[in-house]
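User: Could you take a close look at one helix in this structure and tell me how it sits among its surroundings? I would be glad of a connected account.

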Amino acid sequence: MKQMNNTCVEVLPALLARTKTKTIRKAWYEENDLIKYCPACYEDSEKIRLANDEGIPIKNDEIPFKRHKHDKPPKYQVGDIVEMVWDSDSDCEDFCNLCGSEIVSGHYLPYVCKNDNCEDTQGSFNLNKIAFNKNLGKVRITEVFEVKFMKVAYQHPWGKFEWDTTWTKSRDNENIESLAKQNGFKSAEDMFAYFDENYDLSTPKKFHVYRWGWLKLHA
Ligand SMILES: [Zn+2]
Ligand SMILES: [Zn+2]
């Protein structure tokens, strides 16, 4: 069964409440992924990196392959049953309700959150009180579509210069505020701030939106 990994603490409350019914995932390959998906471009980027490290400028005609866009196809299709998991890289089974960090347990000691900055400093002998299991349940994918997010600069008539975020959608009647809320964010503003910080929206970026319905627990 396909898995969907989750690590974004901002949307953890909605994930635990099972009110999160959408996610937005990047629709491109990172440079590190290229070794697998586009070896030619990976070699090019390595050449450029090595030349830069040595301080040697690389000429355009020394790049044998044309750089192209590395669009990533959607990972999930409509109808897929997907297991939602928290932090699949971690071997830990239980995570803090408040911050999503690993819970450490010691014999005869309370279970406690590993994150020193977490509000939960006391821990508890009752694991279920402070933690959730990494297996969050199963969902059925009901819709897949694309969006594009970008940050645009605009100037007020009185000269003040500001950044704002904008988006294009490949689906009618999709509203950015409801998309943000179904994704588990408090507002579109919060969501754009998160995406800008993690994906740099100063150039337009394409994402896949997946929508789902939660299956009954233990289904
Ligand atoms: Zn390529
Ligand atoms: Zn915590």
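What follows is a request about one helix and a single answer to it.

User: Which residues of α6 are buried, and what covers them?

Analyst: Happy to walk through it with you. Please keep in mind that this is a predicted model.

Let's start with the helix itself. Helix α6 runs over residues 188-199, 12 residues in total. From its first C-alpha to its last it reaches 16 Å, close to the 16 Å expected at 1.5 Å a residue.

Now to your first point. Met191, Phe192 and Phe195 are the buried residues of α6. Looking down the helix axis, you will find these buried residues within an arc of 95°, so they line one face of the helix. As for what covers them, the cover includes two strands, β8 (135-155) and β9 (161-169), together with helix α5 (176-182).

At the end of the helix, have a look at Asp200: this residue follows α6, and its phi is positive, near 55°. Most residues other than glycine have a negative phi.

The helix also has a part in a wider assembly. The largest nonpolar core holds 29 residues, and α6 is one of the elements that each supply at least two of them. Two of the elements already mentioned, β8 and α5, are on that list as well. The other contributors at that level are α1 (12-16), β3 (81-86), β4 (94-96), β6 (109-113) and β10 (205-214).

Within this core, Cys96, Ile103 and Ala131 touch the most other members. Cys96 makes a nice place to zoom in. Leaving out residues up to four places away in sequence, Cys96 touches Ser101, Ile103, Cys113, Asn115, Cys118, Asp120, Ile130 and Ala131. Ile103 and Ala131 therefore appear among the contacts of Cys96 as well as beside it in the group touching the most other core members.

Since Asp200 has a positive phi, you may like two further examples from the loops. Arg18, in the loop between α1 and β2 (22-26), has a positive phi of about 55° although it is not a glycine. Arg18 counts as partly exposed because it has 14 C-beta neighbours inside 10 Å. Asp87, also not a glycine, has a positive phi of about 45° and is found in the loop between β3 and β4. With 15 other C-beta atoms within 10 Å, Asp87 is partly exposed.

To come back to your question: the buried residues Met191, Phe192 and Phe195 line one face of α6, and β8, β9 and α5 are among what covers them.

Key. Residues numbered from 1 in each chain as written. Chains lettered and ligands numbered in written order. Predicted model: local features only at pLDDT ≥ 70, side-chain atom pairs only at ≥ 80, totals over all residues. Helix = DSSP H or I, 4+ residues; strand = E, 2+ residues; numbered from the N terminus. Expected span 1.5 Å × (residues − 1). Buried ≥ 20, exposed ≤ 12 C-beta atoms within 10 Å, placed from the backbone. Arc of directions from axis to C-beta. Contact = placed C-beta atoms within 7 Å. Core = buried A, V, L, I, M, F, W, Y, C linked by C-beta atoms within 7 Å.
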